[in-house]
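Biologist: Can we go through this one together? I have some short questions.

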Amino acid sequence: APGWGCPSVPVDVLRTLGMQAGRDGVSVTAGICPQRPGTEAPDFAFRVDNSTQLSAPTRQLFPDGSFPEDFSVLATVRARRGGQAFLLSIYDERGVQQLGVEIGLSPVFLYEDQAGRPAPELYPVFRRVNLADGRWHRVALAVEGTNVSLLVDCHLIATLPLERGPQPLVSTEGVTIFGARLLDEEVFEGDVQQLLIVADPEAAHSYCHLYMPDCDQPLLYPLLAPFPEEVSTQTGKGKKLGGPLGASTLPDTPQGCCQASWGELPGALTPVFLSPPASRRAARSPRPPHVGRARRERGRASARARARRKGTRSCWSSTRPRRPPSQPAR
C-alpha cells in the first residue's frame, strides 16, 4: 500500500489465546471476503458461541512486560444480531478490568489506568453506532493521549475524550479474556476473523489498507490457520518456517518496508497461510480417470511385446524371475 509505510508488528490475540477449530465450541466459517486475488478459497473466520471460553495471562501477549501507552485495537467481526458483549477484556492482578472492547449497540470502550482514571461514568460511549447488526465490520480503535477514535469499515465515526492520567499504565500481570467479562452473563457470539493489538495508534487509520484490505487486494498480514495441520505456503512466496502450528510461511517484506520480518521480532507471531480444509480440497481436486482391468492388461501385454523386440525386460515384469541363460527365448 504505497504511502502507508511499513505496518507495525501486531499482537495476535486469537493466536495467543489458542483459538482453533474444535476447541470450546469454536468452528470454522467463511470470512469477510469470498475470494481474494491469487487464491480460490475464501477468507476464513472462527465462529464462537456461548460455550467459548478463552483466556491467557496477559504477559503471554506482551512478553516484554509492558502494555503500550498509545495503541490500536483492530478487529474484523460479525456479531450476532442484537448481541451486546465484550469482545476483549484485560484485567490486572487485582481483578480490576483495565481495558474492554464492547461489540453491540452504542458500544463502550472501557479503559482504566493504574490510578482508576477515568471513572466508569466517563468511559467513552459511541452512541448511535451498531456493531451487532449481523454484518461483517472492520472495527478499529485508536488510543492516543487523552483521546480514543473509533473507525468502522474504513470510516472515522467519532473521536471522544479519554480522561486518563499522565503516564497511564495497563498491567500485564493479570489475565486477558476473549468474548466476555468476569461475572457477566453476556458473551460474544458470532464470527471473528482477526483481533490484533498494535503499539501504534496510526494502525487504526491504516487498518483497511494494511491489515485487512478490501477483497480485491491480497492480504499483507497473513491469517492464522484454523487447524494446526492445515498450513501451506503460497506458490513462490516466502519460505517455510518451523512454528507452534507446524509449517508456516514468512511473507515477503513489502516494498519500501523495514527488513525485520513478522516472525523475527521478540514475542511476534509466526504467520501462517490458510490451506483449505481437506473436504473442500478433495471436492475441488478432480479424481484421476479410472483405468479398467482389461485396459491395464492390454498395456502390460504391449509393453512386454516391445521389450521382447528390443531384447530388454519390461518394467511390468520387473518383479518376475529372470529366465536362466541356458533356456532359449521363445
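**Disulfides, cavities and cores**

Modeller: Cys-154 has a relative accessibility of 38%, so Cys-154 counts as partly exposed. Keep in mind that this is a predicted model.

Biologist: Which residue does a disulfide join to Cys-154?

Modeller: Cys-208, with an S to S distance of 2.3 Å. The link of Cys-154 and Cys-208 is left-handed, at -100° about the S-S bond.

Biologist: Where do Cys-154 and Cys-208 lie?

Modeller: Cys-154 is in the loop between strand E10 (147-152) and strand E11 (155-161), while Cys-208 is in helix H4, so the disulfide ties together parts that are 54 residues apart in sequence.

Biologist: Does Cys-208 count as buried or exposed?

Modeller: Buried, because the relative accessibility of Cys-208 is 8% and the cut-off for buried is under 20%.

Biologist: How many disulfides does the count come to?

Modeller: Two disulfides. Besides the Cys-154 to Cys-208 link, a disulfide joins Cys-33 to Cys-215, S to S 2.0 Å. The Cys-33 and Cys-215 link is left-handed, with -90° about the S-S bond.

Biologist: What parts of the chain does the Cys-33 and Cys-215 pair link?

Modeller: Distant ones, 182 residues apart. Cys-33 sits in the loop between strand E2 (27-30) and strand E3 (44-48), and Cys-215 in the loop between helix H4 (207-211) and strand E14 (231-232).

Biologist: Why does Cys-33 count as buried?

Modeller: Because Cys-33 has just 1% relative accessibility, and buried means under 20%. Cys-215, with a relative accessible area of 31%, is partly exposed.

Biologist: What is the pairing, numbering the bonded cysteines in sequence order?

Modeller: 1-4, 2-3.

Biologist: Back to strand E2. Which residues is Thr-29 in contact with, leaving aside neighbours within four places in sequence?

Modeller: Asp-43, Phe-44, Ala-45, Arg-47, Arg-78 and Asp-191. Thr-29 itself is in strand E2 and counts as buried at 18% relative accessibility. Between Thr-29 and Phe-44 the C-alpha to C-alpha distance is 5.7 Å, with their positions 15 residues apart in sequence counted as the separation.

Biologist: New topic. How many cavities of 30 Å³ or more does the search find?

Modeller: Three, over the whole structure. The second largest cavity holds about 50 Å³ of space.

Biologist: What lines the second largest cavity?

Modeller: Val-101, Glu-102, Pro-107, Val-108, Phe-109, Phe-126, Leu-131, Val-139, Leu-141 and Leu-150. Strand E7 (97-103) and strand E9 (137-144) each supply at least two residues of that lining. By class, the lining has nine nonpolar residues, no polar ones and one charged.

Biologist: And the largest nonpolar core: which residues touch the most other members?

Modeller: Met-19, Leu-99, Phe-109, Phe-178, Phe-188, Leu-195 and Ile-197, in a core of 46 residues. Strand E5 (residues 71-79) gives the most to this core, with five residues. Phe-109 is on the list for this core and also lines the second largest cavity.

Biologist: What does Ile-197 touch, not counting residues up to four places away in sequence?

Modeller: Pro-10, Val-11, Val-13, Leu-61, Phe-62, Phe-67, Ser-72, Leu-88 and Ile-90. Apart from the largest core lies another core, of 13 residues, including Leu-151, Val-198, Ala-204 and Tyr-211.

Note on methods:
Residues are numbered from 1 along each chain as its sequence is written. This is a predicted model: local features need pLDDT of at least 70, side-chain atom pairs count only at pLDDT 80 or more; totals for chains, interfaces and linings use all residues. Side-chain values use heavy atoms; hydrogens and water are left out. A disulfide is a pair of cysteine sulfur atoms within 2.5 Å. Helices (H or I, at least four residues) and strands (E, at least two) are DSSP runs, numbered from the N terminus. Buried means under 20% relative accessible area, exposed over 50%, partly exposed in between (1.4 Å probe, protein chains only). On a 1 Å grid over the protein atoms alone, a cavity is a set of points where a 1.4 Å probe fits but cannot get out, and a pocket is an open set with protein on both sides within 12 Å along at least five of seven lines; lining residues have an atom within 4 Å of a point. Grid points are joined across faces, edges and corners, and a volume is the space filled by probe spheres set on the points. Ala, Val, Leu, Ile, Met, Phe, Trp, Tyr, Cys and Pro count as nonpolar, Asp, Glu, Lys and Arg as charged, and the others, Gly among them, as polar. A nonpolar core is a set of buried Ala, Val, Leu, Ile, Met, Phe, Trp, Tyr and Cys residues joined through side-chain atoms within 4.5 Å. Contact means heavy atoms within 4.5 Å.
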